Number of protein chains: 2
Amino acid sequence: MQIKPEAVERCGDTVIHEETVNRVRELMPPDETLYDLAELFKVFGDSTRVRILWALDESEMCVCDIAALLGMTQSAVSHQLRHLKQAKLVTNRREGKTVFYSLADEHVRQVFDQALEHILEDRYE
Amino acid sequence: MQIKPEAVERCGDTVIHEETVNRVRELMPPDETLYDLAELFKVFGDSTRVRILWALDESEMCVCDIAALLGMTQSAVSHQLRHLKQAKLVTNRREGKTVFYSLADEHVRQVFDQALEHILEDRYE
DNA sequence: TGAATATATGAACATATATTCATATGTTCA
DNA sequence: TGAACATATGAATATATGTTCATATATTCA
């Protein structure tokens, strides 16, 4: 399919394909939604948090265990758990001195699985 | 279900729940995979790139059009398109002076949809 | 070939953020 | 109550990154 010239204006002035731009603009979700989406992905965009989420998908764990599993400081893990909780991706319950964290959302696994497909597809081509 | 004490060691020394940690450790994917996963999400974790991807999911577009749609500099858009291409999320074809970009992966939409469910779930509770 | 135009890119700057360190908070138990 | 321990958190630091600006590259057309 060829792109038909919708307008003859230069790029610098208005737009080259004005109709396309206008059509897509109407189809776009509100900026706030796309901003929230990016914010959520930003939370996923750190290997420490990804590892924590993956671990919690296997089992509820306390901070100390996560730190041991990942070979990280208790403080670093605690800071990241804070982010994950703010994003409502994990919840926690206290049992004495210990605080157990677990996944708060069943979508996480599905998002990860879809993203993994993209990665694996790239690897073996 | 109660957590049974698997070990009596202190957190500082070894691990509190050693069996859990060992079990989860074996279930975890290789670090490289989780690192790649985080890298991919890092690409999604910017509202400019999310908006570009969403736009391209609606229609193939040239750099100039994307810049006009988003109200951004051509340079800024071009830089971000570079990231998206490196992540193999978009491809491009040249037609004269114009370069058209389009989605390279059908998983993007699915990942976005899953993530949106999480967001919308949070909003109306 | 040279002017005009669309896109790409390197350097610089400002901002965001992950980890560390020190310390505070909360809980148990003697 | 006080000691021991698990977790949380504020400040500081180092690093990563998005945008801007200037400029390079690529293509068309007279």
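**How do you know? Two chains and two DNA strands**

Reader: What makes Arg51(A) and Asp31(B) a salt bridge?

Author: In this predicted model, the closest N and O atoms of Arg51(A) and Asp31(B) are 3.9 Å apart. A salt bridge needs a side-chain nitrogen of Lys or Arg within 4 Å of a carboxyl oxygen of Asp or Glu, so this pair of Arg51(A) and Asp31(B) qualifies. Between chain A and chain B the count is 2 salt bridges.

Reader: Before we go on, how should I read the numbering and the model?

Author: Residues are numbered from 1 along each chain as its sequence is written, while chains are lettered from A and ligands numbered from 1 in the order in which they are written. Local features need pLDDT of at least 70, side-chain atom pairs count only at pLDDT 80 or more, totals for chains, interfaces and linings use all residues, and side-chain values use heavy atoms, with hydrogens and water left out.

Reader: How many residues of chain A and chain B are in contact?

Author: Contact means heavy atoms within 4.5 Å. There are 65 such residues in chain A and 64 in chain B. The two chains bury about 5800 Å² between them, 67% of it on carbon and sulfur atoms; buried area is the accessible area (1.4 Å probe) that two parts lose on being put together, summed over both.

Reader: Why is Gln80(A) said to make a polar contact with DNA strand C?

Author: A polar contact is a pair of N or O atoms within 3.5 Å; within protein, one must be able to donate a hydrogen and the other to accept it, and residues adjacent in sequence count only if both atoms are side-chain atoms. A polar side-chain atom of Gln80(A) lies 2.7 Å from a phosphate oxygen of DNA strand C, so the pair meets the cut-off. Arg82(B) also has a polar side-chain atom 3.3 Å from a phosphate oxygen of this strand, whereas Ser75(B) has one 2.7 Å from a base oxygen.

Reader: Which residues come nearest to DNA strand D?

Author: Of the 29 residues around DNA strand D, the nearest are Ser75(A), Tyr101(A), Arg10(B), Ser75(B) and Gln80(B). Near means that one of a residue's heavy atoms lies within 4 Å of the molecule or strand. Sugar and phosphate account for 69% of the atoms of DNA strand D that come within 4 Å of the protein.

Reader: What does Thr73(B) have 3.0 Å from its side chain?

Author: A phosphate oxygen of DNA strand D is that far from an N or O atom in the side chain of Thr73(B).
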